[in-house]
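Let us take a walk through a protein together, one step at a time. Keep the picture open beside you as you read.

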Amino acid sequence: MKVVIAHESADFDAFAAAALATRLYDGAVYVATGGFGRGVRAFATLHRDRFAYVDVASIDAASVTLAVLVDVRRLSRLGKVRALRERIVRADPSLEVHVWDHHAASSEDAPAKLAVVERVGSTTTLLLEAARERGLEVDHVEATLYALGIHADTGSLTFANTTARDASALAWLMERGADLSVINRFLNPPWSVSQREALERALESLTVRVVRGARVAFSSVAVSTETEGLDEVCSELLRLSSCDALFTLWSQGPKVRVIARSRSALVDVGRALDALGGGGHPTAATAAVRVDSRDVSQLIAESTGSIEASILAQPIDPIRVRDVMSSPVHSVSPSTPLRALRESLRQWRHSGAPVLRERRLVGVVCAADLDRAEARGDSALCAAAIMRQPVRTTTEDATLDEALEAMARWDVGRLPVVRGDEVVGIVTRVDVRRVLYGEVAR
Ligand SMILES: [Mn+2]
């Protein structure tokens, strides 16, 4: 018997990859090992005659000769397949294992005879590339499911893990009739009442800590075991909290489920949840901790502590203003004639400069204002006449995010960097942009 196995709580990437694998491996059966996500379950039920799967209880693990693991290779995420997992772990020679996955490596990855592991946005992309190489065709219903897989794992091609390969796989599926209204319906199903309640209570319990310069939010709430879609609640909460990363700890029956999201390179939530035996991607990860006989609130405190410790251990420091500012600063005085100012800016190749009176910052001049003054015929004036006040400043310790926010708020393209009364540098929109576009080495 040949089986395809995806990770437990299968998302659309897992489900789509599993369905596609049953086409690539003739006669293979998708064995569902532990539940589907909210939208996936509705889709799977409606399409069971097209995308078949069997329950894990209905197979005889001893008769499996080929196990194809898709969107997973970490043994602890395989779900309820104990007997099969044992055969994989002891490298049973009568069992061949193939892996198709896009997750980061872990210490408990299944040993495999064939491993197609690449850091693309979705596992569906990897299988689809293989299918296209073999000349396999898909109809509009299959195209819709595979497109759902790519959309789900790449945030519709916007997550940082997305590659051009995901986009071209998606384009190929759209050419084959992937149905956008069906995709929208199942990708973002309407929220349930219990999700809304979970969101409200999680919002109330939100606490924010600054860890290594990153704003990290924590929230812990007890919810009933029937509450589904907590991953969606977590994503929404991250947006509402305007933090860099969010860890939600849901105590749910015998488990505390940890769901984490990050929207900053400063916090890799996949690595942060490693310590709790979970995992995932830098931007989205989960873990489940058994409560056993322990006190839940103590368990939550311990889990939170271990998450913070592992963020602290991550070798990622935010880029700060001091790392990119220009220093020392070329400055002018209020009495500098505009003609001389123009000449100085040209020499320094700057488009603006701070104005200092006896070393004290009193304004900022920029080339655009200088142009306007000259166009009005005001070239006989001095810097004081065109300088902008009040002066918006920043500090060396500010993060680039803070500098960017300040520029946007005050609509300025350069911020003098001050230490007490002294101007020690200047940071411009060009500096911030170079960081944003990854042109500055970390
Ligand atoms: Mn995936």
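Which residues in α1 meet which residues in α5? On the α1 side they are F12, D13, A16, A17, A19 and L20. On the α5 side they are L145, Y146, L148, G149, A152 and D153. Sorted by character, the residues of this contact are nine nonpolar, one polar and two charged. Please keep in mind that you are looking at a predicted model.

Two packed helices are described by the angle between their axes and the distance between the axes. For our pair, helix α1 covers residues 12-24 and helix α5 covers residues 140-154. Their axes come within 7 Å and cross at roughly 145°. The crossing in which α1 passes α5 is left-handed.

Now step back to see the whole chain. It has 17 helices and 16 strands, and its C-alpha atoms fill a box of roughly 90 × 55 × 45 Å along the principal axes. There are 442 residues, and 41% of them are buried. The contacts tell you about the fold as well: among those with a separation of 6 or more, 63% are between residues 24 or more positions apart.

The chain is divided into domain 1 (2-187), domain 2 (193-312) and domain 3 (321-436). Taken over C-alpha atoms, the centres of domain 1 and domain 3 are separated by 54 Å.

Next, look for the strands at the start of the chain. Strands of a sheet pair through backbone hydrogen bonds, either parallel or antiparallel. Here you can find an open sheet of six strands with parallel pairing, in the order β3-β2-β1-β4-β5-β6. Which strands are at the edge? They are β3 (54-55) and β6 (114-117), and each of them pairs on one side only.

Within that sheet, try following one pair of strands. Strand β1 (residues 2-5) and strand β4 (residues 66-70) run parallel and are joined by four bridges. One place to look is K2, whose bridge partner in β4 is L66. Helices pack on this sheet too. The helix we met at the start, α1, touches β1, β2 (29-32), β4 and β5 (96-101), and its direction makes about 145° with that of β4. Helix α4 (residues 123-133) also packs on the sheet, where it touches β4, β5 and β6. The direction of α4 makes about 115° with that of β5.

Our next stop is R38, which lies in helix α2 (residues 38-46). Is R38 buried, exposed or partly exposed? It is partly exposed, because 18 other C-beta atoms lie within 10 Å, while a buried residue would need 20 or more. Leaving aside residues up to four places away in sequence, R38 touches P189, E228 and G229. R38 and L230 are 192 residues apart in sequence, and yet their C-alpha atoms are 9.6 Å apart in space.

Further along you reach strand β12 (residues 284-290). Five of its seven residues are buried, so β12 is largely enclosed by the rest of the structure. Strand β10 (residues 255-262) runs antiparallel to β12, and seven bridges join the two. In this pairing, R261 stands opposite A284 in β12. Strand β11 (residues 279-280) is antiparallel to β12 as well, with two bridges between them. There, G280 stands opposite A285, and a hairpin joins β11 to β12 through three residues.

Finally, let us visit some details of the backbone in the loops. S327 and P328 are joined by a cis peptide bond, with omega about -5°. You will find P328 in the loop between α12 (321-324) and α13 (338-348). The peptide bond from Q389 to P390 is cis too, with omega near -10°, and P390 is in the loop between α15 (383-386) and α16 (400-410).

Two loop residues have a positive phi although neither is a glycine: S242, at about 45°, and R349, at about 55°. S242 is in the loop between α9 (230-241) and β9 (245-252), and R349 is in the loop between α13 and β13 (352-357). Why does S242 count as exposed? It does so because it has 10 C-beta neighbours inside 10 Å, and 12 or fewer is the limit for an exposed residue. R349 counts as exposed because it has 7 such neighbours inside 10 Å.

Definitions and conventions:
Residues numbered from 1 in each chain as written. Predicted model: local features only at pLDDT ≥ 70, side-chain atom pairs only at ≥ 80, totals over all residues. Contact = placed C-beta atoms within 7 Å. Domains from an automatic or database assignment. Axes fitted to C-alpha atoms, helices over the stretch in contact; angles between N-to-C directions. Left-handed = near helix turned anticlockwise from the far one by under 90°. Nonpolar A, V, L, I, M, F, W, Y, C, P; charged D, E, K, R; others polar. Pairing = 2+ DSSP bridges.
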